[in-house]
Amino acid sequence: MAEKIIYYKLGKCGTDLFTGAGVIGNIQILMRLLGRHNKKVYFDNFTVGKTINYDYDYEKESGIKNPFEYYFSPKFKLEKNDIIYDQSPASYYHPSVNYGNFNISYKNIYSNIRKIFFETYDLKIEINNFIEDYVSKNFKGFNVLGINMRLTDFITANVHRGRDLNFFIKTAQKIIRKQKIDKIFIATDNIGAIKIFEEQIKGIEILYLKDIFRAIEPNERRGLHEKIECNRKFHKYLLGEEAIKDTFILSKTDYLIKSHNSISDCAILLTETIKSVF
């Protein structure tokens with residue numbers, strides 16, 4: 001008789017515009033449930049039209065109806081014997097998975113969560129190959145400082161907790177004085193902020209993914225979720241892909257200056273290389 005497997009089903013990927021979790025936020029929700037139950041968790045189909053990453057045009061071309069599966073391939077097939085808990089609550093407090101405060105001191109807990117997650121889902125091969133190639137070409141043999149610098153909507157909503165552009169520059173300068181840093185990788189929503197970084201920090205190569213949708217002016221303010229509206233082909237799908245690439249690449253750095261958001265949390269959860277978080 002086949003072994004029974006316990007799954008926790010989440011009904012909607014992307015949540016809605018009011019709660020605002022994109023694909024990285026939903027990875028975090030999965031991880032929090034894994035930390036709680038130590039069982040497998042999956043996303044079922046969703047409520048059409050209420051998800052941040054739902055992309056009608058991408059669905060039409062790809063045939064994929066579940067936005068989480070735009071980026072992750074399920075490794076499981078539900079069987080009749082499996083036990084499924086429907087709509088298990090995602091709200092769960094533990095210091096190791098407290099939103100905005102993931103901490104590498106919980107690396108043993110995170111290692112187990114990663115194991116269960118990647119037993120359930122594989123990152124799509126084309127995305128995974130891009131990440132591995134980028135890290136191999138740019139990080140191998142170097143000490144890399146990662147910076148997750150979320151500005152725009154966090155400035156507008158006043159939820160950046162004092163981590164404005166000046167904070168990130170000054171913190172990077174302090175780290176460079178104490179550690180041997182060869183390169184800096186920046187994941188941000190603002191290309192203008194990167195240009196200022198390049199002006200302020202000399203003698204160190206600054207890396208960032210090109211051709212990503214970002215604000216242009218360094219102090220540009222945007223409303224929460226305003227960036228989901230754009231006439232770029234497959235824009236909502238691409239927002240998720242770009243966030244995943246930034247997050248997974250950040251997780252491969254040696255040091256991290258974080259923002260209070262899901263991208264930093266997930267980079268910390270996924271990492272096997274980050275030594276210190278600031």
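Okay, let's start with Arg232, which is partly exposed at a relative accessible area of 23%. Quick reminder before I go on: this is a predicted model.

So what does Arg232 pair with? Its side chain meets that of Glu242 in a salt bridge, 2.7 Å from N to O. The two residues sit ten apart, with Arg232 in the loop between S8 and helix H8 (235-250) and Glu242 in helix H8 itself. And is Glu242 buried or exposed? It's buried, with a relative accessible area of 10%; the cut-off for buried is under 20%.

That pair is one of several, by the way. How many salt bridges are there in the whole structure? A full search turns up eight. The general idea will be old news to this crowd: side chains of opposite charge can pair when their charged atoms come close.

Let me show you another one, Glu205 with Lys183. Their side chains form a salt bridge at 3.5 Å, again N to O. This pair links distant parts of the chain, 22 residues apart: Glu205 belongs to strand S8 (residues 205-207), and Lys183 to strand S7 (residues 183-188). Now look at the cover on each partner. Glu205 is partly exposed at 41% relative accessibility, whereas Lys183 comes out at 7% and counts as buried.

Next up, Lys75 and Asp122. Here the salt bridge is 3.7 Å, N to O. Lys75 lies in the loop between strand S3 (72-74) and strand S4 (83-86), while Asp122 is in strand S5 (residues 121-123), so this contact ties together parts that are 47 residues apart in sequence. Both ends get some exposure: Lys75 has a relative accessible area of 46%, which makes it partly exposed, and Asp122 is partly exposed too, at 36%.

Okay, away from the salt bridges and over to helix H9, residues 262-270. Why do I call H9 largely enclosed by the rest of the structure? Because nine of its nine residues are buried. If you want to click through them in the viewer, the buried residues include Ser262, Asp265, Cys266 and Leu270. Ile263, Ala267, Ile268 and Leu269 are among them as well.

Last stop, the surface. Which residues gather in a patch of positive charge there? They're Lys170, Lys174, Arg177 and Lys178. To help you find the spot, Lys174 is in helix H6, which covers residues 165-178.

That's my tour, so over to you for comments.

Conventions:
Residues numbered from 1 in each chain as written. Predicted model: local features only at pLDDT ≥ 70, side-chain atom pairs only at ≥ 80, totals over all residues. Heavy atoms only, no water. Patch = residues over 30% accessible without salt bridge, like charges linked within 9 Å, V, L, I, M, F, W, Y side chains within 5 Å. Areas by Shrake-Rupley, 256 points an atom, 1.4 Å probe, with all protein chains shown as cover. Salt bridge = Lys/Arg side-chain N within 4 Å of Asp/Glu carboxyl O. Lys, Arg positive; Asp, Glu negative; His and termini not counted. Charge placed at Lys NZ, Arg CZ, Asp CG, Glu CD. Helix = DSSP H or I, 4+ residues; strand = E, 2+ residues; numbered from the N terminus. Buried < 20%, exposed > 50% of the residue type's maximum accessible area, 1.4 Å probe, protein only.
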